[in-house]
Amino acid sequence: MDLENGNVTAVINWAELHSDELHNIDSDLLFQSYKLHFLRLVKEKRLKQAINLAREKLANNVNNNTDEISRLMTSMLYIDNLQDSPYS
C-alpha cells in the first residue's frame, strides 16, 4: 500500500477532491497530508520541491497552523539529522 511506504499522493488527491466536505467538518486531513509529503521531501533532500510545496499548499493554511508551518520550515536546517530534530 502506498501509505505504508510513506506515499501520501493518493490521500492528497482524494482530500483535494473533497476539500469542501473536509472543510465543513473541520478536518485537517489535507494539511496533515501535505505536512507528511513535505517531511518526506526534506528527508529525501529534495529541498526545492519541499519549498515549492510549502509555498503552493501549506501557505494556504498559515492562519490556522502558523507554529506547525514554522517548525516544518525550520526542520530543513536539520536535513542530515531530521529524525532527531525537535522540528520533525
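**Exercise 1. The nonpolar core**

Task: In this predicted model, find which residues have the most contacts inside the largest nonpolar core, and which helices supply it.

Solution:
- Step 1. Begin with the core itself: the largest one holds 19 residues.
- Step 2. Pick out its best-connected members. Y34, F38, V42, A50 and L58 have the most contacts inside this core.
- Step 3. Trace the core back to the helices. At least two of its residues come from each of α1 (9–17), α3, α4 (47–56) and α5 (66–75).
- Step 4. Look for the main supplier. That is α3, which gives the most to this core, with 7 residues.
- Step 5. Set this beside a general rule: in soluble globular proteins, nonpolar side chains tend to be buried together.

**Exercise 2. The overall build**

Task: Work out how many helices and strands the protein has and in what order its elements run.

Solution:
- Step 1. Count the elements: the protein has 5 helices and 0 strands.
- Step 2. Read them off from the N terminus, and the order is α-α-α-α-α.
- Step 3. Turn to burial. Of the protein's 88 residues, 30% count as buried.
- Step 4. Check how far along the chain the contacts reach. Take the contacts between residues at least 6 apart in sequence; 47% of these join residues at least 24 apart.

**Exercise 3. The two sides of α4**

Task: Decide which residues of α4 are buried and which are exposed, and how they are placed around the helix.

Solution:
- Step 1. Recall the geometry: an α-helix has 3.6 residues a turn, so residues three or four places apart point the same way.
- Step 2. List the buried residues of α4, which are A50, L53 and A54.
- Step 3. Look along the axis. These residues span an arc of only 100 degrees, so they sit on the same side of α4.
- Step 4. Now go to the other side of α4, where K48, R55 and E56 are exposed.
- Step 5. Ask what lies over the buried residues of α4: the cover includes α3 and α5.

**Exercise 4. α5 and two of its residues**

Task: Describe the buried face of α5, then compare the surroundings of E68 and M73.

Solution:
- Step 1. Collect the buried residues of α5: E68, I69, L72 and S75.
- Step 2. Because these buried residues fall within an arc of 120 degrees around the axis of α5, they line one face of the helix.
- Step 3. Find the cover: α3 is among what covers the buried residues of α5.
- Step 4. Take a closer look at E68, a residue of helix α5. With a relative accessible area of 16%, E68 is under the 20% cut-off and therefore buried.
- Step 5. Leave out residues up to four places away in sequence, and E68 touches F31, Q32 and K35.
- Step 6. Move along to M73, also found in helix α5. Its relative accessibility is 29%, so M73 counts as partly exposed.
- Step 7. Leaving out residues up to four places away in sequence, M73 touches F38 and A54. M73 and F38 are 35 residues apart along the chain, and their C-alpha atoms are separated by 9.2 Å.

**Exercise 5. Positive phi in two loops**

Task: Where do D26 and K45 lie, and what is the phi of each?

Solution:
- Step 1. Start from the general expectation: most residues other than glycine have a negative phi.
- Step 2. Compare D26, whose phi is positive, near 55 degrees, in a residue other than glycine. D26 belongs to the loop between α2 and α3.
- Step 3. Check the accessibility of D26. The value is 71%, so D26 counts as exposed.
- Step 4. Do the same for K45: not a glycine, yet its phi is positive, about 60 degrees. K45 sits in the loop between α3 and α4.

**Exercise 6. The largest pocket**

Task: Give the volume of the largest pocket and say what lines it.

Solution:
- Step 1. The volume of the largest pocket is about 330 Å³.
- Step 2. There are 15 lining residues, and H23, S27, D28, N61 and N64 are the closest to the pocket's centre.
- Step 3. Two elements give two or more residues to the lining: α2 (19–24) and α3 (29–43). Of the elements, α3 gives the most, with 4 residues.
- Step 4. Sort the lining by chemistry: 5 nonpolar, 7 polar and 3 charged residues.

Conventions:
Residues are numbered from 1 along each chain as its sequence is written. This is a predicted model: local features need pLDDT of at least 70, side-chain atom pairs count only at pLDDT 80 or more; totals for chains, interfaces and linings use all residues. Side-chain values use heavy atoms; hydrogens and water are left out. On a 1 Å grid over the protein atoms alone, a cavity is a set of points where a 1.4 Å probe fits but cannot get out, and a pocket is an open set with protein on both sides within 12 Å along at least five of seven lines; lining residues have an atom within 4 Å of a point. Grid points are joined across faces, edges and corners, and a volume is the space filled by probe spheres set on the points. Ala, Val, Leu, Ile, Met, Phe, Trp, Tyr, Cys and Pro count as nonpolar, Asp, Glu, Lys and Arg as charged, and the others, Gly among them, as polar. A nonpolar core is a set of buried Ala, Val, Leu, Ile, Met, Phe, Trp, Tyr and Cys residues joined through side-chain atoms within 4.5 Å. Buried means under 20% relative accessible area, exposed over 50%, partly exposed in between (1.4 Å probe, protein chains only). Contact means heavy atoms within 4.5 Å. The arc is that of the directions from the helix axis to the C-beta atoms.
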